[in-house]
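Please find below my notes on this model, set out as numbered points. They take up the backbone geometry and then the spaces in the protein and the ligand.

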Amino acid sequence: MTLNLTEIRKDFPILERELRAGVRLTYLDSTATSQKPLSVIQAMDDFYRKSNANIHRGVHTLAEESTAMYEGARERIATFINAASARQVIYTRNTTESINLVAYSWARANLKQGDLVILTEMEHHSNLVPWHMLQAERGIELDFIPVTEDGLLDLDVYKTLLSRSPKLVSFSHMSNVLGTINPAAEMVRLAHEAGAIALVDGAQSVPHLKVDMQALDADFYAFSAHKMCGPTGIGVLYGKAALLESMPPFLGGGDMIKEVKLRSFRANSLPHKFEAGTPAIAEAIGFGAAVDYLTHLGMDNVAAHEHEITEYALDRLEEIPGVKVFGPSADKKGGVASFTLEGIHPHDVAQILDRDGIAVRAGHHCAQPLHEKFGIPATSRASFYLYNTKEEVDLLVNGIYKVKKMFG
Amino acid sequence: MDDLYREVIIEHYKNPSYRGKLDPHDISFADNNPLCGDHIQIDLRVSTDGIVTDARFDGHGCAISQASADLLVESIIGKPLEEVKKLNKQSILDLLGIELGPVRLKCALLSLKVLKAGVYGLGEAGDDLVE
Ligand SMILES: Cc1ncc(COP(=O)(O)O)c(C=O)c1O
């Protein structure tokens, strides 16, 4: 089934926005954060208008209602990613916090000096810095799966690295710069064969692809609501139940306990063990609405639409003299086109496009080492989501020609 | 908005008059804008009575950062260091002759931060140098 873009665009009020007189928004920055459909905005608004109360500790009507809504969203998120149980879906603030949770709780309990952690050269800073910090504290070792010239992970080198008995392999399912969709299931399988735990950064994959926790078999999987039609301030760490149960709590406080004495505590069961303090309740409910929205459209349809737009965009961009697009061909990547324009800095490109209402991102997109690898300080990045159209790609292309003319 | 890319800015970006390095030099300092990877190095020659006798900048980045570096270096040659120390955000905006939003302001001010950190002999180019 193809998506009905006319109808879909009506679901996103911001897409109607006029930035300046006669200049309509062309939003090509969904990789940074997606726009939100009315159903998500309304779910959060409704919650505050009708049901707001703290969760898990009250017996009054509102407390019961809000708890049911908060936990109901968790159930639907679990179904969306085909987790075996909602207990394995832990609410966090975002992908970054999910990865840090693993680094603080699992890794500090399991890794010692000299233990090897394998990452990749295409990681977002959020899957690098927590490991740098642990390296400084514990003396763990880090090594990296290289990225090839055409933006793919070098799996031969990965296999060699695995022969050094790593304890953990942590990689992104989809790159936020190159768009590369990594063969996650195969990489997890290889990690397991080598006796390593596998953590997958799903910040870019869950919004755009159908993901299936049971088929993928990752030990941990991290993602953020705000990149998949949901609100900011909430994300998920999925984990295998046995692992999560074996791990010490992360933050201590209310809600994560079963019992507290003056000098001791007993931790709560999953998932609450990792959710200390009053959580982002309205945001969890908004996240549930986002998952409903995506489920209603069908992730296969979302992926097919994005593929069509991406293919078109890559063809049109490559037509422009001086444009170089980074990453693999459209069949191996999601809706991301990071590019340079000869002789013109990405900041200038983005700024001039903005005058026509075209929102693209310029910079290193929190992946500085990857840019260094390609020998460039920055790129401009256009990214596409379920609401983007070919007409918007045309606007982008016309805009780039204007930039070229200006710097002529 | 068109003002941002006034011809003079594009001209200084494409054909800077003071790009390069000075060897020997009396003062040299370099720093990055961590947000976008703009990089600027400034070299100075200073006479015994504290006058900037020559200056160059090098680096890479957007039109705003590179054009403001060129304009800044041009403006300080022949000036006493004491006067260079007094330069601030407004001096750069006056040189560029444009208004800037908060993000692009960082690009424009990078060269001034580098210059002042060098002149004061500091280890790092902090934001406080350009207020
Ligand atoms: C691949 C990848 N990982 C991690 C993150 C971090 O996500 P968040 O900022 O929501 O924690 C991002 C966001 O840009 C991303 O693209």
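1. Pro24(B) lies in the loop of chain B that runs between helix H1 (7-14) and strand S1 (27-33), and the peptide bond leading to Pro24(B) from Asp23(B) is cis, with omega near 5°. Since this is a predicted model, I would ask that the cis assignment be described as a feature of the prediction.

2. A cis peptide bond is also found in chain A, where it joins Leu270(A) and Pro271(A) with an omega of about -5°. The proline of this pair, Pro271(A), belongs to the loop between strand S12 (264-267) and helix H10 (281-297) of chain A.

3. Asn82(A) deserves a remark of its own, for although this residue is not a glycine, its phi is positive, at about 50°. Asn82(A) sits in the chain A loop that connects helix H3 (61-80) with strand S4 (89-92). As background to these points, most peptide bonds are trans, and most residues other than glycine have a negative phi.

4. Which residues come nearest to the ligand? Of the 13 residues around the ligand, these are Thr96(A), Asp201(A), Gln204(A), Ser224(A) and Lys227(A). By class, the shell around the ligand is made up of nine polar residues, two charged and two nonpolar.

5. Several polar contacts to oxygen atoms of the ligand can be described individually. In the side chain of His226(A), an N or O atom is 2.7 Å from a ligand oxygen, while a polar side-chain atom of His124(A) lies 3.2 Å from an oxygen atom of the ligand. With Thr95(A) the contact is made by the backbone, one of whose N or O atoms lies 3.4 Å from a ligand oxygen. As for the cover that the ligand receives, the ligand taken alone exposes 390 Å², of which the protein buries 88%.

6. The space that the ligand takes is the largest pocket, and about 1200 Å³ of space lies in that pocket. Of the 49 residues lining the pocket, those closest to its centre are Asp29(A), Val360(A), Arg361(A), Ala362(A) and Val103(B). The elements that give two or more residues to this lining are, in chain A, strand S1 (18-20), helix H4 (95-110), helix H12 (346-354), strand S15 (358-359) and strand S16 (361-363), together with helix H5 (102-119) of chain B. The most is given by H12(A), with four residues. By class, the lining of the largest pocket has 20 polar, 19 nonpolar and 10 charged residues.

7. How many cavities of 30 Å³ or more does a search of the whole structure find? The search finds one, and the space in the largest cavity comes to about 30 Å³. Its lining consists of Val177(A), Leu178(A), Phe326(A), Leu370(A), His371(A), Phe374(A), Ile376(A) and Thr379(A). These lining residues divide into six nonpolar and two polar, with no charged residue.

How values were computed:
Residues are numbered from 1 along each chain as its sequence is written. Chains are lettered from A and ligands numbered from 1 in the order in which they are written. This is a predicted model: local features need pLDDT of at least 70, side-chain atom pairs count only at pLDDT 80 or more; totals for chains, interfaces and linings use all residues. Side-chain values use heavy atoms; hydrogens and water are left out. A residue is near a molecule or strand if one of its heavy atoms lies within 4 Å of it. A polar contact is a pair of N or O atoms within 3.5 Å; within protein, one must be able to donate a hydrogen and the other to accept it, and residues adjacent in sequence count only if both atoms are side-chain atoms. Accessible areas come from the Shrake-Rupley method with a 1.4 Å probe; for residues, only the protein chains shown count as cover. On a 1 Å grid over the protein atoms alone, a cavity is a set of points where a 1.4 Å probe fits but cannot get out, and a pocket is an open set with protein on both sides within 12 Å along at least five of seven lines; lining residues have an atom within 4 Å of a point. A molecule sits in a cavity or pocket if more than half of its atoms lie within 2 Å of its grid points. Ala, Val, Leu, Ile, Met, Phe, Trp, Tyr, Cys and Pro count as nonpolar, Asp, Glu, Lys and Arg as charged, and the others, Gly among them, as polar. Grid points are joined across faces, edges and corners, and a volume is the space filled by probe spheres set on the points.
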